[in-house]
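Please open the structure in a viewer and keep the selection tool at hand. The tour below proceeds stop by stop, stating what to select and what is found there.

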Amino acid sequence: MVTLYTPGHHEVTDTLIMYGIIETIKFYDPFSKVSVTPLGERFIIQTNLDKHEILNAFEYYAKESWLSKNLVYLGNLPQTLRIYMLQRGNENRQLNNIIESFKFLTDLKSIKQQLIKQLRKYPTLLDKFLYFNDNHKNIIYKGKLIELCGKRSRSSAYPLIVANLPIAPFGGTMQQVGSYYLCKLCIALAWTGLFYFSGRIISRNDNIQYTYIHIFKPESTIDANTLIMLKNIAQINFFRRNPFRKMGKDIVLPSVVIPLLLLTFGETSGAILNRNWKSIIYVFTGEKKGIGWRTALRSIKTFQANTLMSFVERAKIYSNNFVRLINNLSKDEDGINALSTLSEALIYQDINELYAAFRQINRILSNNKKQTKLLDKGIIKAAFEILT
Ligand SMILES: [Zn+2]
């Protein structure tokens, strides 16, 4: 039985690392027992595997998983994944960072030897590195604090590499704070978490790209087998070309709409609904500047997700029109506004807002005869059951 502690870099990065850890452990041993407990922005992960097996699990994942094989042996991500996962204009550099991190994991045992050499100076270094010690980020040596992972420069006892925005949205160069460096283990695990457990929506044209990333965060202790089910929701990706530019407008999707869209097109299950979840949504934009692209974080937002999840679950059961309704509304500005009102009503449990949302939706549907029946009794029943 061992306990692992995520490092405490940031709520987003730690959530992704937590998913990376459970993905690697479950890939190594599907029958292992793993539980996850959130603690502020960090997580405590408990498992019946021992320390040696955890080291093996990280290495095994890097050698045998589909994701890692693609990166390490083929040196690539499939084209569609490049669009969703990597910052525009910086794809190759980011990809190289990811490949380097996964390559590092394939030979973790030799890294262990290197770290052991330093153990004479820092007896807890290996435990820190593998998250068994609750302080992965720094070490106190002869009364001095030494930063290891999560710093603004590369020099460290740890093998560090720059953390790009999709896994460390707080670390952009636009904020004039410089690059943020994480150890290669944190980087590889965070990208694994992002790949399997985030939902992503991209809207773009030749000069601008908006990337919306959504991750669920459990709010209490949860079994990893339940967390793994989130892949069914997270694997949904949307790509839209010029969705609003046709109208000569530059509309950013409100963050509050993102979980509704992803839940509508993804699959939820009863086991997930029995738990409390938070939605974390972060948005960044890439803008073309000269021959290059500049990417910046626009926002990071969080919402309680349970009422929204229950609504979507029931609406799908009570109505055959629900998915079509959401899909049709998500195609223009008025529809997106109506979906925002609906999401807000459900998340904040506001009945007045719910009436307003249904009025807005009816108004939009009344413009098109074929669509008027899409907002049916089943959908309305699902919403009122949740809020009353
Ligand atoms: Zn690290």
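**First stop: a helix crossing**

Select helix 5 (residues 91-106) together with helix 8 (residues 184-197), and note that helix 5 passes helix 8 in a left-handed crossing. A crossing is called left-handed if the near helix is turned anticlockwise from the far one by less than a right angle, and right-handed if clockwise. Helices (H or I, at least four residues) and strands (E, at least two) are DSSP runs, numbered from the N terminus.

Before continuing, two remarks on the model are in order. This is a predicted model, in which local features need pLDDT of at least 70 and side-chain atom pairs count only at pLDDT 80 or more, while totals for chains, interfaces and linings use all residues. Residues are numbered from 1 along each chain as its sequence is written.

Two packed helices are described by the angle between their axes and the distance between the axes. For helix 5 and helix 8 the angle is about 110°, and the axes are 8 Å apart. The axes are lines fitted to C-alpha atoms, for helices over the stretch in contact, and angles run from 0 to 180 degrees between N-to-C directions. Helix 5 and helix 8 are therefore roughly perpendicular to each other (angles under 35 degrees count as roughly parallel, over 145 as roughly antiparallel, 65 to 115 as roughly perpendicular and the rest as oblique). To display the contact, select N97, I98, E100, S101, F102, F104 and L105 of helix 5 with K184, L185, I187, A188 and W191 of helix 8. Two residues are in contact if their C-beta atoms, placed from the backbone, lie within 7 Å.

Stay on helix 5 and select I99, which lies in that helix. I99 counts as buried because it has 20 C-beta neighbours inside 10 Å. A residue is buried if 20 or more other C-beta atoms lie within 10 Å of its own, exposed if 12 or fewer, and partly exposed in between, with C-beta atoms placed from the backbone. Leaving aside neighbours within four places in sequence, I99 is in contact with L71, V72 and G75. From I99 to K69 the C-alpha distance is 9.8 Å, with their positions 30 residues apart in sequence.

**Second stop: the nonpolar core**

Which residues have the most contacts inside the largest nonpolar core? Select I22, L182, C186, A190 and L308; the core they belong to has 114 residues. Helix 8 supplies the largest share of this core, 10 residues. A nonpolar core is a set of buried Ala, Val, Leu, Ile, Met, Phe, Trp, Tyr and Cys residues joined through C-beta atoms within 7 Å. Now centre the view on A190, which is in contact with T13, L16, I17, G20 and I167 when its neighbours within four places in sequence are left aside.

**Third stop: the two domains**

Colour domain 1 (2-191) and domain 2 (230-268 + 305-387) separately; such bounds come from an automatic or database domain assignment. Their centres, taken over C-alpha atoms, are separated by 36 Å.

Within the second range, select helix 11 (residues 257-265), where eight of the nine residues are buried. Those buried residues are V257, I258, P259, L260, L261, L262, L263 and T264.

**Fourth stop: helices 14, 15 and 17**

Select helix 14 (residues 322-329) and helix 15, which pack at an angle of about 125° with axes 7 Å apart. The two helices are therefore oblique to each other. I326, N328 and L329 of helix 14 meet G335, A338 and L339 of helix 15.

F322 is found in helix 14 and counts as buried, with 22 C-beta neighbours inside 10 Å. Beyond four places in sequence, F322 is in contact with A315, K316 and I379.

Move next to I379, in helix 17 (residues 377-387). I379 is also buried, with 23 C-beta neighbours inside 10 Å. Not counting residues up to four places away in sequence, I379 touches A315, Y318, S319, F322 and L325.

**Last stop: two positive phi angles**

Most residues other than glycine have a negative phi, and most peptide bonds are trans. Select Y131, which has a positive phi of about 70° although it is not a glycine. Y131 lies in the loop between helix 7 (125-129) and strand 4 (138-141) and is buried, with 24 C-beta neighbours inside 10 Å.

Finally, select Q349, whose phi is positive at about 50° although it is not a glycine. Q349 is placed in the loop between helix 15 (333-347) and helix 16 (351-365). Is Q349 buried or partly exposed? With 14 C-beta neighbours inside 10 Å, Q349 counts as partly exposed.
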